[in-house]
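Open the model in a viewer and keep the selection panel at hand. The stops below go from one residue outward to its surroundings, then to a sheet, and end with totals.

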Amino acid sequence: MSTQSSRRSFIGYAAAGFSTLAVSRLARAQVATEPPPRALQVENAVVEPVSVEVNARAIPNFEPRDRTRTRFGSLDYRSGLVLTSPYRGFGGLSGIRLDAKGEGFLAVSDQGGWFTGRIRYSGGKMAGLDDVEAAPLLGAEGRPITEKRLWWDSEAIARDGDLVYVGLERVNQILRYDFSKGGTRARGEVVPVPAGIRKLPSNKGLEALVVVPKDKGKDRNMPLAGTLIAFSERGLDADGNLTAFLIGGPTPGQFSVRRTEKYDISDAVLLPSGELLILERKFSWFTGVNIRIRSIPLKSIAPGALVDGPALFAADLGHEVDNMEGIDAHVTSEGETVLTLISDDNFSMLQRTLLLQFTLVE
């Protein structure tokens, strides 16, 4: 049987009972939350700094079934791109951080690579990426982290000025990079973590990092100023809720995020208002891929707390989504809060790298 025929048969069997639209999207997103086991070698690792060509195709409508609709929960769809590249190492994007203008970006691949560049806009909509460069994440000795066994699953990223934190899921470690010492050529320093982090599942461990800034003036500091917050994807406490950790700051410790509807955490972002947004996802053969964004007040987080908050947004395979793993926010010159989401294609031909932007309207 030919490869093409085999693939069609697999997709047809896997998505039996779904509509024609859902079949193709379910096949693309099948590995979103349950990726197949990978070999120890890192096939798509970035081995040296290199300029990367990235092609972009516009996504004019977030919901293809209703092209007039732009409002989705508390978000208003702005624009989206499907990103492709002839560079083999492009993909697996699991986290993204933008500059204050929402143009310059720093992204991390789950196979130990940095990606930097600029988002090009036209009329307020994303039009493409410029000046994209890839580079390997380096360890303390100056060698790519992928040379260490299981040190390639870089899933989380947070930035505090020149300091960039990266969470490694398989080994549940955190690396700190000082970008004032060479940018993406800087060497990573291992950050001491609570014992609870080291006990997280190897494939459902560290998935999101957020830094609470402390440089807003003595009287304007947010709660938990100076704290690195680390979220697990599906590390569960005794009550089945998602575990998270406060590292450094005034009150280090562990807390929990209420888990509902079997959603797992894939990323988080802190808004200037003190509102913490958590990006979540789930996958099943009956419903396909689902994503949502929940809002949690930063002031509710404390050691031992169980925090919860309302869903601001939800989407499924009836929308232009894939394995959405990264979220960030910036405020425009007009005062609009824009959320940027990126997907991890797992380096699979059945999935896509999507870059989506929404305005937070409520």
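Which residues does I293 touch, not counting residues up to four places away in sequence? Select I293 and display its contacts (heavy atoms within 4.5 Å). The selection should bring up L75, L277, I278, L279, P310, A311, L312, F313, I327, L339 and L341.

Before going on, note that this is a predicted model, in which local features need pLDDT of at least 70, side-chain atom pairs count only at pLDDT 80 or more, and totals for chains, interfaces and linings use all residues. Residues are numbered from 1 along each chain as its sequence is written, and side-chain values use heavy atoms, with hydrogens and water left out.

**The largest core**

Next select F62, I293, F313, L339, L341 and L356; within the largest nonpolar core, of 28 residues, these touch the most other members. A nonpolar core here is a set of buried Ala, Val, Leu, Ile, Met, Phe, Trp, Tyr and Cys residues joined through side-chain atoms within 4.5 Å. Buried means under 20% relative accessible area, exposed over 50%, and partly exposed in between (1.4 Å probe, protein chains only).

Now colour the strands β4 (75-84), β18 (275-284), β19 (288-297), β21 (311-315), β22 (324-331), β23 (337-343) and β24 (353-360): at least two residues of this core come from each. The most, four residues, come from β24. Strands (E, at least two residues) and helices (H or I, at least four) are DSSP runs numbered from the N terminus.

Apart from this core lies another, of 22 residues; A244, F255, A268 and V307 are among them.

**An open sheet**

Keep A244 selected and add F255, its bridge partner in β16. Their strands, β15 (residues 242-248) and β16 (residues 253-257), pair in the antiparallel sense over five bridges; pairing requires at least two DSSP bridges between two strands.

Extend the selection to the whole open sheet, five strands in the order β13-β14-β15-β16-β20 with mixed pairing. β13 and β20 (306-307) stand at the edges with a single partner strand each, so one side of each has no neighbour in the sheet.

Is the edge strand β13 (residues 206-211) mostly covered or uncovered? It is mostly covered, with six of its six residues buried. Its antiparallel pairing with β14 (residues 227-236) runs over five bridges, and L206 stands opposite S232 in β14.

**Zooming out**

Finally, show everything: the protein has three helices and 24 strands. Of its 362 residues, 56% count as buried.
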